[in-house]
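This report walks through selected parts of one protein structure for a reader who has not seen it before. Please keep the sequence and the model in view while reading.

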Amino acid sequence: MISSEALFLEAKALLCALIACPSLSKEEDGTARIIEEFLNAKNIKTQRSGHNIWAKNLHFDENKPNVLLNSHHDTVKANDSWTENPFTATEKEGKIIGLGSNDAGASLVCLIATFCHFYAKSDLPFNLILAATAEEEISGKGGIESLIGSDDFPSISWGIVGEPTDCQVAIAEKGLMVIDATCTGKAGHAARNEGINAIDIAVSDIQKINQHSFARVSDVLGPVKTTVTVIQAGKQHNVVPDTCTYTIDCRVNELYSLAEILEELQGIVEANLVPRSMRLQSSRIDSQHPVVLAAKKLGLETFGSPTLSDQALLPCPSIKMGPGHSGRSHTADEFIYVDELKQGIDLYIQLLTF
């Protein structure tokens, strides 16, 4: 069995290598190769689909349940406020600074280290499936969703999704639905009392949306939240616009399907509502699930997460957990504390030893 110090040092070196290789969503070929080569060097057989790398434990047994260890290796684009080189792993003051270090490079390398720790054990009560996936930052169809839907990928009983949560355990996550709304009026001259102003229709709709409350409130995720975030109308100052469009950002708790939210909203507004996608469903794992009980035994806090991850695309129960702090994600000079890497590996291993 690999020593904990060796696991940590390998994970740290892998994280630094991943940081040094740009990996914007849909452009993850380089980091996919780095992960593939890292595992192959340990005589771990990998499979690749697109920019996704996955592997099974050595003593895979089809009669045992399959547990997924998943995190992503794509990043957002570095913003202009960086003072360090985002593609250099800069270590100082106990931190590793670099793009993707916190979101979600640290979680990924800690899960890989955990997989390596358990890889050759023959007495596991479950199989472990490691999946280092692409396109998470854009909820792309070429990421975890493409693996889950493929014939050669094992069916999953439950999973751990690696994201920065301060190593606390998200047992529920809000779903997301973005809706494009179109209000239709009638064009007319602004100087005369004619036409039906589509902006007026949209204003009335938005007031109704702001005042509307969805009845089912989750004890973990709270209420459904709907926010109008974009509005567009008009081309000339003297023409009453016949069309006004607006966009609704819907953050949905686990007590509603996205279809139910769409139907309820359509019932209170005049606009025609068209969802951009209905893929990103909310999720929740049972409070008595063994992994949740194991987390509580370790003294880890459980919570409901308002932010989206690949949990939304998993058809099985899952938790979201990892080293690092969510508030550092997508910020300039993003970093992970070195000690957080050690903590992440240790807690992942303990969580799977129940």
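Lysine 95 stands opposite tyrosine 337 in strand β18. The strand that pairs with β18 here is β5 (residues 95–97), and the two run antiparallel over three bridges; two strands are said to pair if DSSP finds at least two bridges between them. Helices (H or I, at least four residues) and strands (E, at least two) are DSSP runs, numbered from the N terminus.

The model is predicted, and local features need pLDDT of at least 70, while side-chain atom pairs count only at pLDDT 80 or more and totals for chains, interfaces and linings use all residues. Residues are numbered from 1 along each chain as its sequence is written, and side-chain values use heavy atoms, with hydrogens and water left out.

**Two open sheets**

The pair just described belongs to an open sheet of three strands, ordered β4-β5-β18 and paired in the antiparallel sense. Its edge strands, each of which pairs on one side only, are β4 (90–92) and β18 (335–337), and the twist from one strand to the next averages 20°.

A further open sheet has four strands in the order β11-β13-β9-β14, also with antiparallel pairing. Here the edge strands, pairing on one side only, are β11 (225–233) and β14 (272–275), and neighbouring strands are turned against each other by 25° on average, direction ignored. Within this sheet, strands β9 (residues 175–184) and β13 (residues 243–252) run antiparallel and are joined by ten bridges, and alanine 181 has tyrosine 246 in β13 as its bridge partner.

Helices pack on both sheets, as the table sets out. Contact means heavy atoms within 4.5 Å; axes are lines fitted to C-alpha atoms, for helices over the stretch in contact, and angles run from 0 to 180 degrees between N-to-C directions.

| Helix | Strands touched | Angle between directions |
|---|---|---|
| α8 (residues 338–351) | β4, β5 and β18 | about 65° with β18 |
| α5 (residues 198–211) | β9, β11 and β13 | about 15° with β13 |
| α6 (residues 258–266) | β9, β11, β13 and β14 | about 25° with β9 |

**Helix α5**

Helix α5 has 14 residues and reaches 20 Å from its first C-alpha to its last, close to the 20 Å expected at 1.5 Å a residue; the expected span is 1.5 Å times one less than the number of residues. Its buried residues are Ala198, Ile201, Ala202, Asp205, Ile206 and Ile209, where buried means under 20% relative accessible area, exposed over 50%, and partly exposed in between (1.4 Å probe, protein chains only). Seen down the axis of α5, these buried residues fall within an arc of 135°, so they line one face of the helix; the arc is that of the directions from the helix axis to the C-beta atoms. The buried residues of α5 pack against β9, β11 and β13, whereas the face turned away from them carries the exposed residues Asp200, Asn210 and Gln211.

**Backbone exceptions**

Most residues other than glycine have a negative phi, and most peptide bonds are trans. The bond from aspartate 103 to alanine 104, however, is cis, with omega near -5°, and alanine 104 is found in helix α3 (residues 101–118). Histidine 330, although not a glycine, has a positive phi of about 65°; this histidine 330 lies in the loop between β17 (318–320) and β18, and is partly exposed, with a relative accessible area of 42%. Aspartate 333, found in the loop between β17 and β18, likewise has a positive phi, of about 55°, although it is not a glycine.
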